[in-house]
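User: Please take a close look at one part of this protein, the sheets and the helices that pack on them. I would like a connected account that names the residues involved and indicates how far the model may be trusted.

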Amino acid sequence: MSLPLPFLSNEQLLEVFNLTKTATAIHITEDAIIQSANDAMLRIWDKDRSIIGKTLEDALPELKGQPFIEMFKRVWNEGLTLSGTDTAADLIVDGVLQTFYFDFEYRAIKDAEGKTICIMHTATDITERHLNRDRLEKAREKEEALHREKELNEQLAAANEELSALNEEYQITLEKLNILNTELEDRVYRRTQALADGMEREQTMNEELLASNEELIAVNEQLSVTITEMNRLQVSLQLTNKELLYSEQKLDDILNQQPSPVVVLRGPDQVIEFTNQALLSFWNKEEEEVIGKPILQVFPELKSQPYPEQWKHVLETGESITNKEKPVIFHKANGPRLYYVDYYYQPLMDVEGLRTGVLVTVIDVTHKVDARKQLEQNQLSLQDLNNELSTINEEMTASNEELMATNEELAIAQGNLLRYIGELAESEARFRSLVEQAPVAINIFQGRELIIDIANQKMFEIWGKTKEVIGNPLAEAMPELDGQPFLQILDDVITTGHTFYGNEVKAYIERQGEMVESYLNLIYQPIRDKDGTVTGIMQVANEITEQVKIKHELQKTEEMMRLAIDAAKLGAWHLDPVTKSLKYNPMLAKLIGYEEEEPLTYEKSLTHITDDYRQIISEEIEKAISNGGDYDMTYSQHRFNDGELIWLRSLGKISKDEHGEHTLFSGFMMDITEMKKDEQRKNDFIGMVSHELKTPLTSLSGYIQILQSKARKNEDSFASNALSVAEKQIRKMTSMINGFLNISRLESGKITLNKTSFRLDELVIVTAEEISSLESSHQINFAVNEPIEVFADPDKISNVISNLLSNAIKYAPNDKDIDLRCEIIDGMAQISIKDRGMGIGQEDLQKLFERFYRVENNSTISGFGIGLYLSAEIIQRHAGKIWVESELGKGSTFYFSIPLPN
């Protein structure tokens with residue numbers, strides 16, 4: 001006969017409930033009856049505690065038809081764990097059925113016999129993260145739609161031109177038909193008059209009328225065909241107009257969402273009719289500040305700049321204007337600021353072809369221009385090389401003049417000729433040496449065929465070639481350049497004689513049999529003969545592939561960091577270690593409720609921190625600045641706008657700049673108020689339950705002692721042994737409850753140390769003997785070599801020793817020897833407890849002293865994971881250290897040490 005399934009006991013409820021770190025609920029039976037749910041889970045469900053005791057389907061009827069109810073049944077019946085990420089769920093929140101996305105887990109919690117006693121349900125709402133990812137994808141799709149829309153506009157423009165031509169043809173046809181009808185009417189009139197003049201012409205007139213009728217029928221048929229064609233064109237025109245209207249509406253949506261800044265200026269007064277968010281951000285303006293206003297009223301500083309005249313020119317002539325990297329000055333809050341922009345001005349026309357406005361597209365290229373100017377400064381270092389080459393050319397010219405002048409005297413001329421030939425060879429050798437030793441890649445092309453005449457080793461490395469290409473045309477030496485712009489650019493330099501400068505130019509070069517994408521800074525300098533004719537080109541190249549890739553990766557990383565910070569609702573800050581100048585993002589101001597127009601200063605930020613933490617925060621910041629370390633503080637403060645008390649966690653790090661100075665102090669801030677409230681509620685709950693459990697346990701312990709006394713008097717050995725076992729279990733329960741109470745006191749700051757001087761070696765022996773009297777199954781081997789005097793809290797230290805010994809016995813059921821040592825090492829009193837049990841894996845060692853942490857492969861051993869956490873806290877409050885050494889299957893050794901008195 002099966003027993004009815006009971007609700008969970010208090011111990012089981014505490015064990016399950018305290019495993020969770022996020023929204024958590026406890027369910028029993030395969031119908032998922034809700035036995036417990038924390039506030040975070042109730043907020044997700046949009047319910048109150050009236051749902052406790054109901055099945056999940058009754059509490060959330062909208063889950064019917066979704067897979068979660070069946071998943072609960074599987075978890076209960078099969079005792080497994082099911083989880084999911086980015087899982088969609090439809091829930092009724094605020095009376096509306098909405099779709100949310102969760103990371104969730106349904107975990108079966110089992111008793112010692114492996115039977116499922118409940119299901120722990122945890123969930124994390126990641127809807128915002130999911131929607132942000134969808135928004136990014138839609139933004140990419142909209143950008144692609146913009147390109148498709150552009151193609152559609154071009155097709156519509158072509159269709160309009162075709163319709164215009166057809167309309168002209170239609171008008172010409174109508175005119176011809178009108179002329180023909182007039183002629184026919186005139187001819188019919190004349191023939192009718194002729195019929196009245198005499199019957200003798202009747203026969204002839206009838207024949208002519210018959211011919212005229214046939215001609216008129218033919219004309220009517222032609223007119224019918226023309227009218228049919230006109231109707232078809234009219235229908236096509238209507239459909240085209242509808243498509244054009246839809247296209248215009250869609251184009252407005254795309255322009256408003258595209259990343260490139262766009263504005264529509266209407267009329268001769270250049271009134272701002274439309275602008276998208278990208279240009280508003282560039283202007284640092286709101287939409288209501290600019291829409292419907294002349295642009296020169298919004299930005300009067302543009303009156304003295306060339307752009308208003310260009311807009312007027314586009315509107316009057318219909319000519320588009322395109323310019324790149326043009327300067328423009330805008331007045332910002334901190335004064336005039338110079339920008340460089342690429343822009344495109346295009347006329348806008350109405351349906352009648354009249355120009356009514358200008359479409360302005362602007363791209364901020366200030367960073368690009370600044371980077372190019374920096375590059376040009378770097379390239380000035382090459383000017384010295386060009387000057388030296390010019391000097392060599394001058395020397396060669398002077399030598400030729402001297403040779404011509406000395407032809408008058410043959411003997412002298414011959415000697416001078418030999419001398420100057422030597423000088424010329426020396427100059428050429430010096431030139432080649434300069435090229436080969438130059439710090440950048442250089443080569444010389446001869447003629448329009450671009451014969452490779454000279455090239456240094458750095459150029460060969462860029463080309464991925466050897467000296468074998470000398471004397472070959474560039475197109476043959478590097479066939480991979482076919483289809484790339486370089487051969488045409490070089491030919492243009494030969495033709496025009498203009499120097500070409502290329503920055504971050506992409507090139508595909510074959511190196512060691514593989515096509516490699518490279519980025520280069522290039523200079524193509526024409527070489528002229530004495531007549532000024534371009535005879536060759538000097539190429540100077542610098543490969544910057546790694547720098548460009550790093551810049552691209554840095555840009556991606558910065559964008560991802562910005563998105564991550566926004567998604568996580570983190571406040572970012574930067575503090576100058578010297579001036580204490582504070583910079584911050586809008587989220588930080590929102591977290592602390594700062595809404596004033598004047599920027600927040602470092603000194604003002606400290607004023608709203610509570611008195612308990614203000615001095616500590618200031619000292620920790622100064623300590624981080626002085627020592628160059630990390631900064632991590634949790635503290636409370638009052639919000640600036642409403643005075644509400646909030647809890648914040650601020651993390652920062654001070655880093656070195658390029659000069660090795662600690663000048664970069666920055667970090668993040670997060671609001672942990674809700675987490676603090678949850679912790680307080682949990683601690684209050686634990687303390688309340690622990691106090692309530694201690695009263696019945698005390699009474700039960702007293703009754704057991706009375707029964708033990710009676711059993712001994714009656715010499716009832718069975719009852720006496722059973723009561724001893726019961727008393728041992730009560731002591732374990734009492735120890736566990738005391739642990740919970742200590743955690744509650746510890747986290748509430750109510751636990752204190754009552755330090756006194758005592759013999760640590762004696763305390764170790766007494767504590768070990770107490771454990772031995774309770775756990776007679778194991779042998780504790782003492783190794784206490786000398787008296788050790790310490791100044792500490794003996795009760796707390798005894799609790800630590802007792803906990804470590806109990807763990808050693810619990811986790812080593814098969815090996816009965818426990819080694820206990822007490823000694824002085826490196827000026828510290830050290831205790832070590834060694835067992836030869838199951839051991840601990842490396843992945844668990846780092847987390848072993850965390851609150852409620854339990855090793856997964858030890859799930860059959862009872863406990864809540866609080867003993868080691870309390871022990872670590874006690875030792876740390878004694879300025880000591882606690883650690884463990886362990887290996888799976890070979891046992892563990894736990895150590896702790898505390899300082900000796902001065």
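Analyst: **Two sheets and their helices**

Arginine 266 has valine 271 in S7 as its bridge partner. This pair belongs to a predicted model, and the description below should be read accordingly. Strand S6 covers residues 262-266 and is joined to S7 by 4 bridges, the two strands running antiparallel. Both strands belong to an open sheet of 5 strands, in the order S7-S6-S10-S9-S8 and with antiparallel pairing. At the edges stand strand S7 (271-275) and strand S8 (321-332), each of which pairs on one side only. With direction ignored, neighbouring strands of this sheet are turned against each other by 35° on average.

Helix H10 (residues 307-317) packs on this sheet, where it touches S6, S8, strand S9 (335-349) and strand S10 (355-364). The direction of H10 makes about 135° with that of S10. The buried residues of H10 are Tyr307, Pro308, Gln310, Trp311, Val314 and Leu315. Around the helix axis they cover an arc of only 165°, and therefore lie on the same side of H10. A general feature of helices helps in reading such a pattern: an α-helix has 3.6 residues a turn, so residues three or four places apart point the same way. The cover over the buried residues of H10 includes strands S6, S8, S9 and S10, together with helix H9 (295-298). After H10 comes glycine 318, which has a positive phi, near 80°.

A further sheet can be described in the same terms. It is an open sheet of 5 strands with antiparallel pairing, and its order is S2-S1-S5-S4-S3. Here strand S2 (33-37) and S3 are the edge strands, each pairing on one side only. From one strand to the next, the twist averages 35°. S1 and S2 run antiparallel and are joined by 4 bridges; within this pair, isoleucine 28 has isoleucine 33 in S2 as its bridge partner. Helix H4 packs on the sheet and touches S1, S3, S4 and S5, its direction making about 140° with that of S5.

The remaining pairings can be followed through two hairpins. S3 and S4 are antiparallel and share 11 bridges, with leucine 91 standing opposite glutamine 98 in S4. The hairpin formed by these strands has 2 residues between them, and aspartate 94 in the turn has a positive phi of about 55°. S4 also pairs with S5 in the antiparallel sense, over 9 bridges; one residue pair here is arginine 107 and its bridge partner in S5, methionine 120. In the hairpin of S4 and S5, 5 residues lie between the strands, and the turn includes glycine 114, whose positive phi is about 85°.

Which residues of helix H4 (residues 68-78) are buried? They are Phe68, Ile69, Met71, Phe72, Val75 and Trp76. Viewed down the axis of H4, these buried residues fall within an arc of 160°, so they line one face of the helix. The face turned away from this buried side carries Glu70 and Asn77, which are exposed. The buried residues pack against strand S1 (23-28), strand S3 (81-93), strand S4 (96-110) and strand S5 (116-125), and also against helix H3 (56-59). Just after H4, glycine 79 adopts a positive phi of about 65°.

Within the span of S5, cysteine 118 is buried, with a relative accessible area of 0%. Elsewhere in the chain, cysteine 822 also counts as buried, at 1% relative accessibility. A search for disulfides over the whole structure finds 0.

As to confidence, the protein has a mean pLDDT of 79, and 71% of its residues reach 70 or more. Residues 1-6 have a pLDDT below 50, and beyond near neighbours in sequence this stretch has 2 contacts in the model. Where pLDDT is low, the predicted coordinates should not be read in detail.

Technical notes
Residues are numbered from 1 along each chain as its sequence is written. This is a predicted model: local features need pLDDT of at least 70, side-chain atom pairs count only at pLDDT 80 or more; totals for chains, interfaces and linings use all residues. Side-chain values use heavy atoms; hydrogens and water are left out. A disulfide is a pair of cysteine sulfur atoms within 2.5 Å. Buried means under 20% relative accessible area, exposed over 50%, partly exposed in between (1.4 Å probe, protein chains only). pLDDT is the predictor's confidence in each residue, from 0 to 100. Contact means heavy atoms within 4.5 Å. Two strands pair if DSSP finds at least two bridges between them. Axes are lines fitted to C-alpha atoms, for helices over the stretch in contact, and angles run from 0 to 180 degrees between N-to-C directions. The arc is that of the directions from the helix axis to the C-beta atoms.
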